[in-house]
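Please work through the exercises below with the sequence and the model in view. Each task is followed by a worked solution.

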Amino acid sequence: MSSQYTFTGQFTFSIDSKNRVNIPAPIRRQFLKKDKKTFVVTRGIDQCAWIYPISEWNLIQKELNQLSSLSKTNRLFLRNHLRHANILKFDSQGRFVLPQSLIDYTSIKKDVTIIGVLNKIEIWNPNLLRKIDKSEEIDDQSYEQLSERVNI
């Protein structure tokens with residue numbers, strides 16, 4: 001599975017009274033024309049929301065289709081991951097309505113931090129992200145091992 005996307009950067013915005021989130025122009029401009037401003041927003045593994053361009057989501061679905069539904073773990077994983085997936089489009093100003101279930105899950109109140117993470121975009125409550133950044137640091141040995149696997 002090879003991605004056509006390499007989202008990067010961090011941006012801070014506010015969610016409006018209609019639960020609309022504005023995806024920053026530098027990130028929106030990276031969407032391929034074939035995706036027609038269409039994407040999937042779903043729960044992330046951490047307490048954030050993930051956004052995948054629709055073509056990227058289609059690649060993920062192909063991978064998920066390989067999981068056997070005979071496995072209880074697979075069924076649980078698929079159910080928990082897919083039940084929160086919403087196919088949406090950006091409006092002309094680059095906004096979309098974040099579903100209430102994802103607002104509750106992410107504990108977003110007003111401010112949001114938007115991060116480009118290669119093939120996806122993450123939407124965070126900035127206070128929660130700061131706590132996670134402080135509490136989940138990578139130890140030096142693990143960081144060193146990972147850096148040896150990446151050619152920079």
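The exercises concern a predicted model and treat its sheet, its helices, an aromatic pair and a pocket.

**Exercise 1.** Determine in which order the strands form the open sheet, and which of them are the edge strands.

*Solution.* Step 1: the open sheet is formed by 6 strands, and their order is 1-7-8-4-3-5. Step 2: the pairing is antiparallel. Step 3: strand 1 (10-14) and strand 5 (86-89) each pair on one side only and are therefore the edge strands. Step 4: the average turn between neighbouring strands of this sheet is 30 degrees, direction ignored.

**Exercise 2.** State how many bridges join strand 3 to strand 5, and which residue of strand 5 stands opposite Phe39.

*Solution.* Step 1: strand 3 comprises residues 38-43 and is joined to strand 5 by 4 bridges. Step 2: two strands count as paired if at least two bridges are found between them, so this criterion is met. Step 3: strand 3 and strand 5 run antiparallel. Step 4: the residue opposite Phe39 is Leu88.

**Exercise 3.** Identify the strands that helix 2 lies across and those that helix 5 touches.

*Solution.* Step 1: helix 2 (residues 54-64) lies across strand 3, strand 4 (49-53) and strand 5. Step 2: helix 2 runs at about 100 degrees to strand 4. Step 3: helix 5 (residues 126-135) packs on the sheet and touches strand 7 (111-117) and strand 8 (120-124). Step 4: the direction of helix 5 makes about 55 degrees with that of strand 7.

**Exercise 4.** Classify the aromatic pair of Phe7 and Phe31, and explain which parts it ties together.

*Solution.* Step 1: the structure holds 9 aromatic pairs. Step 2: Phe7 and Phe31 form one with 5.6 Å centre to centre and 45 degrees between the planes, hence tilted. Step 3: Phe7 lies in the segment before strand 1, and Phe31 in the loop between helix 1 (25-28) and strand 3, so the pair ties together parts that are 24 residues apart in sequence.

**Exercise 5.** Describe the lining of the largest pocket by class.

*Solution.* Step 1: the volume of the largest pocket is about 180 Å³. Step 2: its lining residues include Arg28, Phe31, Lys36 and Asp91. Step 3: the lining has 6 charged, 3 polar and 3 nonpolar residues.

Methods
Residues are numbered from 1 along each chain as its sequence is written. This is a predicted model: local features need pLDDT of at least 70, side-chain atom pairs count only at pLDDT 80 or more; totals for chains, interfaces and linings use all residues. Side-chain values use heavy atoms; hydrogens and water are left out. On a 1 Å grid over the protein atoms alone, a cavity is a set of points where a 1.4 Å probe fits but cannot get out, and a pocket is an open set with protein on both sides within 12 Å along at least five of seven lines; lining residues have an atom within 4 Å of a point. Grid points are joined across faces, edges and corners, and a volume is the space filled by probe spheres set on the points. Ala, Val, Leu, Ile, Met, Phe, Trp, Tyr, Cys and Pro count as nonpolar, Asp, Glu, Lys and Arg as charged, and the others, Gly among them, as polar. Axes are lines fitted to C-alpha atoms, for helices over the stretch in contact, and angles run from 0 to 180 degrees between N-to-C directions. Contact means heavy atoms within 4.5 Å. Rings of Phe, Tyr and Trp (its six-membered ring) pair if their centres lie within 6.5 Å; planes under 30 degrees apart count as stacked, over 60 as edge-to-face and the rest as tilted.
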